[in-house]
Amino acid sequence: MQITGVTQHHVSHELADSFRPNWIPGYPQGSHEAEVFEIETDAGITGVTASPSFAGGLDYATPLSLFLQGEDPHDIEGIMRKLETVDLIGPRPWHLELALWDIVGKDAGKPVYELLGGSDDPIRAYASTGEVQPAEDRIAYVEDRVDEGFEAVKLRIAERSDLDVVRAVREAFPDLPLMVDANKGWTVRVMEDETQWSVAEAEAVARELADIGGIEWFEEPLPRHDYAGYARLRDAAEVPIAGGEFNGGPQELYEFLDRDAVDVLQPDAALVTGIKRAVEVAGAARNQGVKFVPHTWTNAIGFAANLHVMAAVGADWCEFPHDPPWTPEAWSAPIHGEFAATDGTVTPPQGPGLGVELDRDLLEGDR
């Protein structure tokens, strides 16, 4: 089997209202943007993948074709070595590996998680917010998610004063596991810069979270490359420390592990590792007693890929993005249907490959 071409589509899905994600300070986001790729083969099998994007799109199908045409999609290792060149001079290439697994799974007639030795057992999902909101609004939000069956919720904080929201939610829901994400690991600086913390300031926030109690983990309180700072923080903190969702490839995740810097490792297969490397990193993390809970906040294709990884490695939790107007309907825009959590759990798609089908009505045309 050989790859014969790459087709790219820009997908833009208008949100029902403006959304102010914690990782883009001061920016009212009005749409969900994604670059969707189809990798075609001479066997008539097409693999799909997607990456986050900006309004107007990022066009790079032509150079990708130069690297991929004529390659056997089953040679995932060889292709990823070639795509390291793309990583040097252009966009991150990890999302392209998802399409290779989609082809391999379709060729075998099996879902990716099965090829990786996993099962379709339900995975506990936590409802993941994206905005910092007032306590009253967050309490109402959490009540809705608990009514839907979620057994944990992630809250966002940007300043130390935002801990008042966490305290209010804890008072309203004394037994609900909470994750707290500071989004200091990386930021899209379109409008404003983020507030950064020193290790000492992050330690102070961690102490307050420990006093609040029931915190599953404290996520990305420091820049993503401050491995020494994370190690110091983890050593001092009384709450678990999480990170790694947007680091620059698997080698940086092993740096976290080598330095005993985190309790929870969170690489997104679409952004950091691809599927195969994610499974390998998860094994290394497990050997050190570090939990593996991937970031999933990209799009439905990335979410599906991470679900297959979670099913393969037996992850404890699945991040389920849900913070209106950023709803499953919005981030599922590139595919037919939408992902849903049933009784607070999710399972990987059952179809061959990634198990998703593109919604061609939403594709803006070949690029």
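**Exercise 1. The enclosed space**

Find out which residues line the largest cavity, then work out what surrounds it.

*Step 1.* Pick out the lining: I76, E77, M80, E97, K276 and R277. Before going on, note that this is a predicted model, where local features need pLDDT of at least 70, side-chain atom pairs count only at pLDDT 80 or more, and totals for chains, interfaces and linings use all residues. Residues are numbered from 1 along each chain as its sequence is written, and side-chain values use heavy atoms, with hydrogens and water left out.

*Step 2.* Get the terms straight. On a 1 Å grid over the protein atoms alone, a cavity is a set of points where a 1.4 Å probe fits but cannot get out; a pocket is an open set with protein on both sides within 12 Å along at least five of seven lines; and lining residues have an atom within 4 Å of a point.

*Step 3.* Check the volume, meaning the space filled by probe spheres set on the grid points, which are joined across faces, edges and corners. The largest cavity holds about 40 Å³, and searching the whole structure turns up 1 cavity of 30 Å³ or more.

*Step 4.* Assign the lining to elements. Helices (H or I, at least four residues) and strands (E, at least two) are DSSP runs, numbered from the N terminus. Helices α2 (76-89) and α10 each supply at least two lining residues, and α2 gives the most, with 3.

*Step 5.* Sort by class: Ala, Val, Leu, Ile, Met, Phe, Trp, Tyr, Cys and Pro are nonpolar, Asp, Glu, Lys and Arg are charged, and the others, Gly among them, are polar. The cavity lining comes out as 2 nonpolar, no polar and 4 charged.

**Exercise 2. Two open pockets**

Describe the largest pocket and the second largest pocket by volume and lining.

*Step 1.* Start with the largest pocket, at about 990 Å³. Its lining counts 34 residues, and P52, S53, F54, V188 and F246 lie nearest the centre. Elements giving two or more residues to that lining are β2 (29-41), β3 (46-52) and α10 (269-287). Strand β2 gives the most, with 5 residues.

*Step 2.* Split the lining of the largest pocket by class: 17 nonpolar, 11 polar and 6 charged.

*Step 3.* Move to the second largest pocket, with a volume of about 210 Å³. This pocket has 17 lining residues, and nearest its centre are P21, N22, P25, G26 and A158. By class, they are 7 nonpolar, 4 polar and 6 charged.

**Exercise 3. A strand with two partners**

Why is strand β7 largely enclosed by the rest of the structure, and which strands pair with it?

*Step 1.* Count the buried residues (buried is under 20% relative accessible area, exposed over 50%, partly exposed in between, with a 1.4 Å probe and protein chains only). In β7 (residues 215-219), 4 of the 5 residues are buried, so the strand is largely enclosed.

*Step 2.* Look for partners: two strands pair if DSSP finds at least two bridges between them. Strand β6 (residues 178-181) runs parallel to β7 with 4 bridges, and L178 sits opposite I215. Strand β8 (residues 241-243) is also parallel to β7, through 2 bridges, with F218 opposite I241.

*Step 3.* Trace the connections. A crossover is right-handed if, with the strands pointing away from the viewer, the path from the first strand over the helix to the second runs clockwise. That description fits the β-α-β unit of β6, helix α7 (residues 199-212) and β7, and also the unit of β7, helix α8 (residues 227-236) and β8.

**Exercise 4. Backbone oddities in loops**

Which peptide bond is cis, and where does P325 lie?

*Step 1.* The cis bond joins P324 and P325, with omega about 10 degrees. P325 belongs to the loop between β11 (318-321) and α12.

Now say whether N183 and D260 are buried or partly exposed.

*Step 2.* N183 is in the loop between β6 and α7; its phi is near 55 degrees, a positive value in a residue other than glycine. At a relative accessible area of 2%, N183 is buried.

*Step 3.* D260, in the loop between α9 (250-258) and β9 (264-265), has a positive phi of about 50 degrees without being a glycine. With 44% relative accessible area, D260 is partly exposed.
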